[in-house]
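Reader: Could we go through this model together? I would like to start with the fold and then turn to the ligand.

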Amino acid sequence: MNQLHLLKTHYNFLSRFYDLSDWFFEKFRYKQIRPIVWSHARGKTLDLGVGTGQNIPYYPNHFAKTVGVDLSEGMILRAKKRASLSGKSVEFYQMDATALNFSDNSFDSIVSTFMFCVLPNEYQLQALHECCRVLKTGGRLILLEYTYSNNFFRKLWMKILSPYLALVYKAGFNRITMDFLKLSNMWKLETDQFLYKDIIRLVVVQKI
Ligand SMILES: C[S@@+](CC[C@H](N)C(=O)[O-])C[C@H]1O[C@@H](n2cnc3c(N)ncnc32)[C@H](O)[C@@H]1O
């Protein structure tokens with residue numbers, strides 16, 4: 001079984017408890033951040049790694065239709081319920097970010113929140129390559145991810161927490177998504193800022 005298959009199985013199981021396990025962080029941390037993330041999205045938008053649909057209430061009201069994809073059917077099932085409760089029009093697909101089943105130049109924006117900190121480093125280049133392929137030229141890739149703090153004590157605390165994070169979410173603070181973005185000369189940096197202390201980072205790049 002490869003790592004993506006394990007991730008899928010894990011998130012299918014976790015989908016039942018995900019919103020509960022993340023409740024505190026959603027309420028006191030992410031809720032304030034998500035509207036800022038979505039203010040960068042334009043036109044036809046893909047929510048990559050849609051999860052249980054925590055972004056859905058923040059989809060701009062003027063968006064005609066947003067597309068949500070996730071590796072896990074269990075997570076998508078929850079996202080579908082959230083979409084119907086919020087009255088937002090969303091098309092869902094079970095899909096792997098490293099092999100997107102969309103034509104080239106399909107989207108104006110891609111938003112991905114906390115998916116790249118779950119995706120193992122060895123799959124990141126392929127997922128970024130797929131994002132680039134399905135985005136139109138001038139389209140935006142909008143990423144919200146955790147990174148290790150530069151503050152000694154905060155970093156130490158994050159190191160202590162990381163086995164829990166790996167066990168429960170299969171996530172890590174050690175993903176090098178920004179390095180992979182810099183490796184490719186397909187992107188122009190638009191925004192790079194921290195939205196929570198120096199650990200939650202918003203990166204917006206434009207496809208050249
Ligand atoms: C930590 S959750 C974040 C969910 C949501 N974006 C949010 O902000 O609450 C990570 C999600 O990424 C999904 N995921 C992980 N690897 C993926 C892949 N290769 N393709 C698509 N989705 C993936 C997981 O199934 C999970 O739903």
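Author: The exchange below covers the sheet, the helices on it, the core and the ligand shell of this predicted model.

Reader: In what order do the strands of the sheet run?

Author: The order is 3-2-1-4-5-7-6, in an open sheet of seven strands with mixed pairing. Strand 3 (90–94) and strand 6 (187–196) are the edge strands; each has a single partner strand, so one side of each lacks a neighbour in the sheet. From one strand to the next, the twist averages 15 degrees.

Reader: How many bridges link strand 2 and strand 3, and in which sense do they pair?

Author: Five bridges join strand 2 and strand 3, and the sense is parallel. T66 has V90 in strand 3 as its bridge partner.

Reader: Which helix packs there, touching strand 2 and strand 3?

Author: That is helix 4 (residues 73–86), which packs on the sheet. The direction of helix 4 makes about 170 degrees with that of strand 3.

Reader: And which strands does helix 5 touch?

Author: Helix 5 (residues 121–134) packs on the sheet against strand 4 (107–113), strand 5 (135–146) and strand 7 (200–207). Its direction and that of strand 5 make an angle of about 145 degrees.

Reader: What about strand 7: are its pairings with strand 5 and strand 6 parallel or antiparallel?

Author: Strand 7 pairs with strand 5 in the antiparallel sense over seven bridges, and L143 has V203 in strand 7 as its bridge partner. Strand 6 and strand 7 also run antiparallel, joined by eight bridges. Within that pairing, W187 is opposite K207 in strand 7.

Reader: Which residue takes a positive phi in the hairpin of strand 6 and strand 7?

Author: K197 does, with a phi near 45 degrees; the hairpin has three residues between the strands.

Reader: Changing topic, which residues touch the most other members of the largest nonpolar core?

Author: They are I110, C131 and I142, in a core of 50 residues. Apart from neighbours within four places in sequence, I110 is in contact with L46, L48, C131, L135, L141 and I142.

Reader: Now the ligand. Which residues come nearest?

Author: Y11, G49, G51, A97 and T113 come nearest, out of 22 residues around the ligand. The shell comprises 13 nonpolar, seven polar and two charged residues.

Reader: Which element supplies the largest share of that shell?

Author: Helix 1 does, with three residues. Helix 1 (3–14) and strand 2 (66–70) each contribute at least two residues to the shell.

Definitions and conventions: Residues are numbered from 1 along each chain as its sequence is written. This is a predicted model: local features need pLDDT of at least 70, side-chain atom pairs count only at pLDDT 80 or more; totals for chains, interfaces and linings use all residues. A residue is near a molecule or strand if its C-beta atom, placed from the backbone, lies within 6 Å of it. Helices (H or I, at least four residues) and strands (E, at least two) are DSSP runs, numbered from the N terminus. Ala, Val, Leu, Ile, Met, Phe, Trp, Tyr, Cys and Pro count as nonpolar, Asp, Glu, Lys and Arg as charged, and the others, Gly among them, as polar. A nonpolar core is a set of buried Ala, Val, Leu, Ile, Met, Phe, Trp, Tyr and Cys residues joined through C-beta atoms within 7 Å. A residue is buried if 20 or more other C-beta atoms lie within 10 Å of its own, exposed if 12 or fewer, and partly exposed in between; C-beta atoms are placed from the backbone. Two residues are in contact if their C-beta atoms, placed from the backbone, lie within 7 Å. Two strands pair if DSSP finds at least two bridges between them. Axes are lines fitted to C-alpha atoms, for helices over the stretch in contact, and angles run from 0 to 180 degrees between N-to-C directions.
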